[in-house]
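These are my notes from one sitting with the coordinates. I went through the cysteines, a helix, an arginine and a sheet.

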Amino acid sequence: MRKIIPLFILVLGFASCSPIVHKNITKPLTPRESTTDVAVYDVGEMVPENTEVIGNIRITDSGFTTHCDWETILEKAMNEARAAGGNGLEILQHSYPNGHSSCHQIAANILNIDPNCPPKEPSEFAQKNYHDYVILSEGDTTQCLVIDETKNMLSIVYEVQGVTRRAQLDKSKILAYHIDDPIALADLQYQKNKKVFHVRFGFDGGYAFRTARLADGLSNDYKDYLRELSKGPVMGANLRINIDKMYSLGIHYDRFTSSNSGYFYAYDDYGNFHEGLISSNHNINFIAASAGYHFTTPNEKHRFFFDYLLGYMNYHAIESDFGTDYIIEGATIGMGLTFDYDYMLSKHIGIGAGMSYYNGALSKAKVNGNEQNLNNNKEGLQRFNLKAGIRFYL
């Protein structure tokens with residue numbers, strides 16, 4: 001047993017260094033030799049007519065994968081294709097290394113490319129809609145639907161063996177092409193690139209919670225007092241200008257208010273006893289420039305907004321402690337993140353809700369007009385906001 005456990009750990013260690021392979025074979029064939037050539041079609045490349053899909057494969061990061069460069073991942077996928085009896089890979093998705101994973105990850109169809117593969121009749125949809133064609137080489141004409149055209153590229157939808165595919169073709173490699181309905185294509189391009197809105201006004205109200213940590217050494221009663229003071233209503237407005245199909249710039253403003261009062265007793269630093277009423281009224285204003293992106297569902301009923309905020313955060317507090325009044329004022333740079341959801345009631349009016357988080361802290365403040373450095377006792381202005389309201393689209 002003592003020998004088995006280290007061996008198990010060693011095997012587990014090797015396994016965790018390898019990527020995870022998910023394979024689904026729908027038409028198993030005789031496995032091919034390890035030296036068999038496997039044709040690889042990258043995302044957006046056309047596959048030949050005599051091609052059938054016999055399965056699919058995904059290769060993903062295990063979380064501990066170390067050997068996952070592109071050559072290694074592709075070779076593993078090709079070996080899996082050979083084992084399934086295939087001689088081709090049609091890459092559907094290729095995720096490059098990023099901040100979440102250092103690995104290349106792919107999803108692909110496993111193909112059997114066979115000159116004797118009997119052709120399938122085009123689907124009813126293809127017969128009805130695919131009236132365009134492209135000629136890639138002499139005698140090689142593909143019936144298709146052109147869905148986008150630029151100066152250098154042609155994007156098409158086509159069928160091979162009953163499977164619908166998309167491809168992006170370099171015009172320099174096309175001998176000829178024909179678009180049966182250029183007006184329909186122009187309208188499709190317009191719908192694809194049009195701005196959903198030009199200007200959006202939003203007016204919101206809700207509730208906010210300040211999240212700064214309370215100082216050490218406070219009594220439980222006073223902590224409860226401050227916790228109650230840390231939450232309150234928030235009102236605001238925002239303007240977004242759509243500068244592109246998915247991106248917007250704007251201005252964001254809101255005002256947080258809170259108040260509380262209570263009867264307390266305490267000893268000051270000189271040992272003197274005090275008791276009586278204390279009260280607090282706090283206001284925090286935040287005005288910021290916003291930059292973000294948005295997307296809309298195809299029916300344009302649901303809209304989602306993500307924004308980054310950077311701006312000016314202003315703090316004003318009126319404090320009354322045992323009969324002595326203080327006015328505390330300060331300002332700092334504030335940052336924030338927002339997420340909004342809108343539901344459209346009509347083309348120009350919607351209702352929505354959102355949440356946001358702001359961050360900022362005062363290192364200096366004026367107390368009754370006299371500036372003081374707060375040093376290690378910074379006033380944290382961080383808060384989490386939940387709001388809802390009405391939106392106007394122009």
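**Cysteines.** I began with Cys-144, which has a relative accessible area of 0% and is therefore buried. The model is a predicted one, and I keep that in mind throughout. Cys-117 comes out at 12% relative accessibility, and since buried means under 20%, Cys-117 also counts as buried.

I then looked for disulfides and found a count of 1. The link runs from Cys-68 to Cys-103, with 2.1 Å from S to S. I read -70° about the S-S bond, which makes the link of Cys-68 and Cys-103 left-handed. The pair connects distant parts of the chain, 35 residues apart. Cys-68 sits in the loop between strand S3 (51-60) and helix H2 (70-83), while Cys-103 sits in the loop between strand S4 (88-95) and strand S5 (105-113). I checked the accessibility of both partners: Cys-68 is buried at 5%, and Cys-103 is buried at 1%.

**Sheet.** I next traced the open sheet of 5 strands, which has mixed pairing and the order S1-S3-S5-S4-S2. Which strands stand at the edges? I find strand S1 (20-25) and strand S2 (39-41) there; each has a single partner strand, so one side of each lacks a neighbour in the sheet. Ignoring direction, neighbouring strands of this sheet are turned by 25° against each other on average.

I followed the pairing of S1 with S3, which is antiparallel over 6 bridges. Within these strands I noted Ile-25 opposite Gly-55 in S3. Helix H2 packs on the sheet and touches S1, S2, S3, S4 and S5. I noted an angle of about 140° between the direction of H2 and that of S4.

**Helix H5.** In H5 (residues 220-229) I listed Tyr-225, Leu-226 and Leu-229 as buried. They lie on the same side of H5, because the arc they cover around the axis is only 95°. The general background is that an α-helix has 3.6 residues a turn, so residues three or four places apart point the same way.

**Arg-240.** I located Arg-240 in strand S12 (residues 231-242). Is Arg-240 buried or exposed? It is buried, with a relative accessible area of 3%. Its side chain makes a polar contact of 3.2 Å with the side chain of Asp-340. Setting aside neighbours within four places in sequence, I recorded contacts of Arg-240 with several residues, among them Phe-197, His-198, Phe-305, Asp-307, Thr-338 and Asp-340.

Note on methods: Residues numbered from 1 in each chain as written. Predicted model: local features only at pLDDT ≥ 70, side-chain atom pairs only at ≥ 80, totals over all residues. Heavy atoms only, no water. Disulfide = S-S within 2.5 Å. Helix = DSSP H or I, 4+ residues; strand = E, 2+ residues; numbered from the N terminus. Buried < 20%, exposed > 50% of the residue type's maximum accessible area, 1.4 Å probe, protein only. Arc of directions from axis to C-beta. Polar contact = N/O pair within 3.5 Å; in protein donor to acceptor, adjacent residues only side chain to side chain. Contact = heavy atoms within 4.5 Å. Pairing = 2+ DSSP bridges. Axes fitted to C-alpha atoms, helices over the stretch in contact; angles between N-to-C directions.
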